[in-house]
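Hello,

Here is the structure I promised to pass on to you. Have a look at it first, and then read my notes below.

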2 protein chains.
Amino acid sequence: MLRISKLTDYAVVLTTHLADTAGVTSVRALAEGSAIPEPTAAKVLKTLAKAGLVDSVRGAHGGYRLAREATAITVAEIIEAIEGPIAVTECVDAESECSLEEQCGVRANWQRINDAVATALQGITLAEMARPDAPRLFQIRKADSAETARSITR
Amino acid sequence: MLRISKLTDYAVVLTTHLADTAGVTSVRALAEGSAIPEPTAAKVLKTLAKAGLVDSVRGAHGGYRLAREATAITVAEIIEAIEGPIAVTECVDAESECSLEEQCGVRANWQRINDAVATALQGITLAEMARPDAPRLFQIRKADSAETARSITR
DNA sequence: GGCAAAGAGTACCCATGGGGTCCCATTTAG
DNA sequence: CTAAATGGGACCCCATGGGTACTCTTTGCC
């Protein structure tokens, strides 16, 4: 499955909506516009605010707005705000004491895969994510030898 | 976090060990060599066998061996054997009825991200995964030209 | 000033499924 | 025949994703 959590999905959708709007938007409006249950949307937005990705305005007529330009927010940041550091496997995550890490030749390669995925997600901005007709696609390539040309054709 | 499950991690480690050995190897030997609890290793191997990635030999002196060359098994296959189809988000997975999918501009982009990740994992063989000093790295590129766009759409 | 409309913070609950164990049936070498 | 293996279940536990509720605090507006 290799899933991101639903909450993260919500976060992307919500920030996407914010990217479309100029001023601040209330949780209620955002929730309605995204078909996300309001309390849950509120929870997600609070988390995003703590992470500094959105700014909140309290009080009457308050709401949320993006803390930066949509072009300056990456999908990776949103994921990390909700789920923590991107770590494909446990052993890739910072302080894991894999019992036989000396032996484990697999680890280094998971690390590389993890880096590739992280880099990819860091390269995708919220602005791009907001456009269904995004002109850019993303591909992952082996960086190396001669046959890399063929690496896409599966 | 974007994690693959521990069981999948185990699967990669176990198949890696199989790639190093010629004949069949018993679950016990594999479990000991990988520091994975034996019953759990057994479970994983059964799943891999059902998926056709490893062959089992029953009876005394039985065990497992790779069903194909290590160069002909991809990491993507192992992941899918344990976790099912690679689907970064729910809406990417086959039969999801996302309430407002018409509206949801995010979906198409998740699909693209998903494809990129899947393609990457399909390009990594078990043989490569088994070598800690793998010479190849993996990187992700944005392809903003129209031609590459076509090459990914499956 | 006071009320109402917002978000902040936190505690809490519930269901799902990852992770793990066990048992018994079946196969096969010696 | 027996022991050593896997096949195929059923089963359990508990961490956590997902969702809810309730009480502060801030602030616009009459």
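**Around the DNA strands**

Let's begin with DNA strand C: 24 residues surround this strand, and those that come nearest are Val27(A), Ser56(A), Tyr64(A), Ser5(B) and Lys43(B). Please keep in mind while you read that this is a predicted model.

Which elements supply at least two residues each of the surface near DNA strand C? They are β1 (54-57) and β2 (63-66) of chain A, together with α1 (6-20) and α3 (38-50) of chain B. Sorted by class, this surface near DNA strand C has 10 nonpolar, nine polar and five charged residues.

What part of DNA strand C lies within 4 Å of the protein? Sugar or phosphate accounts for 64% of those atoms, and bases for the rest. Some of the bases have polar partners that you can look up in the viewer:

- The side chain of Arg58(A) has an N or O atom 3.0 Å from a base nitrogen of DNA strand C.
- A polar backbone atom of Ala60(A) is 3.5 Å from a base nitrogen of that strand.
- In chain B, a backbone N or O atom of Gly59(B) is 3.3 Å from a base oxygen of DNA strand C.

Now for DNA strand D. Of the 23 residues around this strand, the ones that come nearest are Ser5(A), Lys43(A), Val27(B), Ser56(B) and Tyr64(B). Of the strand D atoms within 4 Å of the protein, 66% belong to sugar or phosphate, and the rest to bases.

Here a backbone N or O atom of Lys6(A) sits 2.9 Å from a phosphate oxygen, and one of Gly59(A) sits 3.4 Å from a base oxygen. Arg58(B) places a polar side-chain atom 3.2 Å from a base oxygen of DNA strand D. Two or more residues of the surface near this strand come from each of α1 and α3 (38-50) of chain A, and β1 (54-57) and β2 (63-66) of chain B. That surface divides into nine nonpolar, nine polar and five charged residues.

**Inside the protein**

The largest nonpolar core has 80 residues, and among those that touch the most other members are Leu48(A), Trp110(A), Leu48(B) and Trp110(B). Helix α1 (residues 6-20) of chain A gives the most to this core, with six residues.

Trp110(B) is a good one to click on: beyond its sequence neighbours within four places, its contacts include Ile4(A), Val12(A) and Met129(A), as well as Val88(B) and Val92(B).

Is Thr16(A), in helix α1 of chain A, buried or exposed? Its relative accessible area is 7%, so Thr16(A) is buried. Apart from neighbours within four places in sequence, Thr16(A) is in contact with Leu126(A), Ala130(A) and Val106(B).

Enjoy exploring!

Definitions and conventions: Residues numbered from 1 in each chain as written. Chains lettered and ligands numbered in written order. Predicted model: local features only at pLDDT ≥ 70, side-chain atom pairs only at ≥ 80, totals over all residues. Heavy atoms only, no water. Core = buried A, V, L, I, M, F, W, Y, C linked by side-chain atoms within 4.5 Å. Buried < 20%, exposed > 50% of the residue type's maximum accessible area, 1.4 Å probe, protein only. Helix = DSSP H or I, 4+ residues; strand = E, 2+ residues; numbered from the N terminus. Contact = heavy atoms within 4.5 Å. Near = heavy atom within 4 Å. Polar contact = N/O pair within 3.5 Å; in protein donor to acceptor, adjacent residues only side chain to side chain. Nonpolar A, V, L, I, M, F, W, Y, C, P; charged D, E, K, R; others polar.
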